[in-house]
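Here is a friendly walk through a structure you have not met before. Have a look at the picture first, and then we can go through it piece by piece.

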Amino acid sequence: MASLTPKFSFRKPDGADAVNVTIDINETLDKIDKLYGGKALVKRTTTDMIVPHTGYSLGSFWSQLPVGTFVGRDDLDLRVKAVSGDWIEVGVSGLWDAQACDGYLDAIVKDANLSFGGMSNPLGGGATVSQGVLAWRGEPGRHSPIGGSVLKQLISSDIDGGGYVNVILIARVNSTSIRRNIWSNANIPFIWFLINHGSNL
Amino acid sequence: MTSLKLGLTLPDPSASANQVVALNDNYDIIDSKSPSKKVSYFWGTDDPTLNYEFDDPAGSGIGYARTSINTGGLWREMDTATVGPIVLVGVGVGDWAEVNISGLFNNSPSSALFGLATSYLSAGNYLLINYLGGPCPLDSSSGNGVSSVRAEPNLYSPIRIKLIKEIVVGDLVDSSGALNPVGDRIQISLVVKTVGGYKFIFTSTDIPLILSAKNLGK
């Protein structure tokens with residue numbers, strides 16, 4: 001993340017010519033970054049999230065969660081300081097409600113629109129047969145726990161102009177008639193977090 | 001945060017060429033501050049009476065015990081006075097702790113939920129302080145614990161937990177396990193709630209319950 005190469009000049013005790021000393025501090029800074037990389041966490045405890053069924057003939061397009069205007073759309077946006085080469089980890093703890101359709105979740109880097117689940121352009125209307133991060137899939141007709149995390153090494157296009165990586169949650173269902181909910185209340189919170197591990201995972 | 005003091009010794013005061021000084025001493029300082037980690041593998045005998053028992057052959061001091069997990073619909077601490085909660089040493093306010101659990105409920109006809117909370121020792125009992133997931137208040141039926149764990153009736157149900165928590169002063173305990181705002185550790189307790197009878201968590205050699213905790217630093 002940070003990079004620094006300080007240079008000092010020393011004069012010998014006898015007052016002879018100065019000697020230039022270069023301090024290679026970058027490995028040290030990298031270790032610090034690894035220990036103290038940024039973290040972000042949201043615990044959502046109000047208003048179940050609805051994954052809509054509208055989109056195309058085989059189900060819905062990918063939508064950013066939470067959908068709609070009843071809550072702040074940005075409340076699940078996660079951001080931490082990062083540079084190209086850093087490894088970030090995105091994790092979740094949640095529960096799909098039991099509606100009778102498949103539910104899929106994924107995380108994407110907002111600026112690059114690239115998915116942790118392996119697809120490309122997930123918010124562009126394409127790739128709608130993909131199932132996102134498979135560990136976060138909801139079985140139809142059954143309460144389905146959502147847990148675990150995924151990793152990604154960042155490239156330069158993942159970083160915004162302010163030096164942050166921004167990660168958002170996206171979802172879709174495989175039905176054209178049934179929407180699906182993800183619980184978000186005080187007893188069944190939806191927890192969503194992002195960790196920057198630095199360049200040395 | 002890490003504090004660096006750069007003390008430089010010119011490698012060769014008589015040299016006339018440019019020199020590079022490596023900060024090995026400072027690397028050592030950082031290494032000594034590396035976040036603490038702890039991993040426990042719990043296994044014992046798959047008990048047909050639907051208790052669990054576990055042992056810690058790695059010698060982390062956890063010991064051996066068994067506890068019923070027919071909780072009658074109330075949240076109960078899984079551990080006993082013999083088996084304390086997992087302890088993560090070297091933690092301060094503002095650090096982030098990470099907890100990972102991998103395990104498996106069996107397919108008993110009852111349902112079960114799993115909770116995690118920091119805890120402290122009082123009058124011989126561990127009392128919960130702050131939840132890592134959803135609420136799981138001891139001796140109460142309210143709350144659903146960690147959302148990513150829900151053991152359905154008649155189904156084998158994975159326990160898959162990865163959670164992080166920023167440590168606050170109220171999480172800290174001292175070496176005696178008592179709440180202490182200047183303590184250097186946290187205790188993470190496992191609690192469970194069964195509804196409809198017994199539920200069984202596998203703790204066999206082939207199907208272990210694995211719990212790890214790590215300090216991610218600030």
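In chain B, 71% of the contacts with a separation of 6 or more are between residues that sit 24 or more positions apart. In chain A, the share for residues 24 or more positions apart is 78% of the contacts with a separation of 6 or more. Keep in mind that this is a predicted model.

**The two chains**

Let's put some basic values for the chains side by side.

| Chain | Residues | Buried residues | Accessible surface | Carbon and sulfur share |
|---|---|---|---|---|
| A | 201 residues | 51% | about 8300 Å² | 51% |
| B | 218 residues | 50% | about 9300 Å² | 53% |

What are the chains built from? Chain A has one helix and 15 strands, while chain B has one helix and 13 strands. If you follow chain B from its N terminus, the elements come in the order β-α-β-β-β-β-β-β-β-β-β-β-β-β.

**A covered strand in chain B**

A good place to zoom in is strand β7 of chain B, which spans residues 96-105. How many of its ten residues are buried? The count is eight, so to speak of the strand as mostly covered is fair. Strand β7(B) has partners on record here: ten bridges tie it to β11(B), with the two running antiparallel. Within that pairing, Trp96(B) is found opposite Glu166(B) of β11(B). Strand β7(B) also pairs with β13 of chain B, residues 209-217, through seven bridges, and this pair is antiparallel too. Here you can look for Asn100(B), which faces Ser212(B) in β13(B). As a general point, side chains in a regular strand alternate between the two faces of the sheet.

**Empty spaces**

Rolling a probe the size of a water molecule over the atoms shows where empty space is left. What turns up in this model?

Take the second largest pocket, with a volume of about 270 Å³. Its lining has 15 residues, and those nearest the centre are Glu139(A), Arg142(A), Pro145(A), Pro158(B) and Arg160(B). Two strands each give at least two residues to this lining: β12 (144-153) of chain A and β11 (157-166) of chain B. Which element supplies the largest share of the lining of the second largest pocket? That is β11(B), with three residues. Sorted by class, the lining of this pocket comes out as six nonpolar, three polar and six charged residues.

There are also two cavities of 30 Å³ or more in the structure. The second largest cavity has a volume of about 40 Å³. From chain A, its lining includes Leu95(A) and Ile188(A). From chain B come Leu113(B), Asn144(B), Val146(B), Ser147(B), Val149(B) and Arg150(B). By class, the lining of this cavity has five nonpolar residues, two polar ones and one charged one.

**From the cavity to Leu151(A)**

Ile188(A), one of the residues lining that second largest cavity, also appears in a pair with Leu151(A). The two are 37 residues apart along the chain, and their C-alpha atoms are separated by 25 Å. Leu151(A) belongs to strand β12 of chain A, a strand that contributes to the lining of the second largest pocket. Is Leu151(A) buried, partly exposed or exposed? Its relative accessibility is 43%, and because that falls between the 20% and 50% cut-offs, Leu151(A) counts as partly exposed.

**Some backbone details to look for**

Most residues other than glycine have a negative phi, and most peptide bonds are trans. A few places in this model go the other way.

In chain A, the peptide bond from Leu65(A) to Pro66(A) is cis, and its omega is near -5°. You can find Pro66(A) in the loop between β7 (63-64) and β8 (78-81) of chain A.

Chain B has residues with a positive phi. Ala123(B) is one of them, with phi near 50°, although the residue is not a glycine. Where is Ala123(B)? Look in the loop between β8 (111-122) and β9 (125-131) of chain B. Ala123(B) has a relative accessible area of 77%, and because that is over 50%, this residue counts as exposed.

Asn154(B) is another residue other than glycine with a positive phi, about 65° in this case. Its place is the loop between β10 (150-151) and β11 of chain B. Strand β11(B) has come up before: it pairs with β7(B) and supplies three residues to the lining of the second largest pocket.

Terms used
Residues are numbered from 1 along each chain as its sequence is written. Chains are lettered from A and ligands numbered from 1 in the order in which they are written. This is a predicted model: local features need pLDDT of at least 70, side-chain atom pairs count only at pLDDT 80 or more; totals for chains, interfaces and linings use all residues. Side-chain values use heavy atoms; hydrogens and water are left out. On a 1 Å grid over the protein atoms alone, a cavity is a set of points where a 1.4 Å probe fits but cannot get out, and a pocket is an open set with protein on both sides within 12 Å along at least five of seven lines; lining residues have an atom within 4 Å of a point. Grid points are joined across faces, edges and corners, and a volume is the space filled by probe spheres set on the points. Helices (H or I, at least four residues) and strands (E, at least two) are DSSP runs, numbered from the N terminus. Ala, Val, Leu, Ile, Met, Phe, Trp, Tyr, Cys and Pro count as nonpolar, Asp, Glu, Lys and Arg as charged, and the others, Gly among them, as polar. Buried means under 20% relative accessible area, exposed over 50%, partly exposed in between (1.4 Å probe, protein chains only). Contact means heavy atoms within 4.5 Å. Accessible areas come from the Shrake-Rupley method with a 1.4 Å probe; for residues, only the protein chains shown count as cover. Two strands pair if DSSP finds at least two bridges between them.
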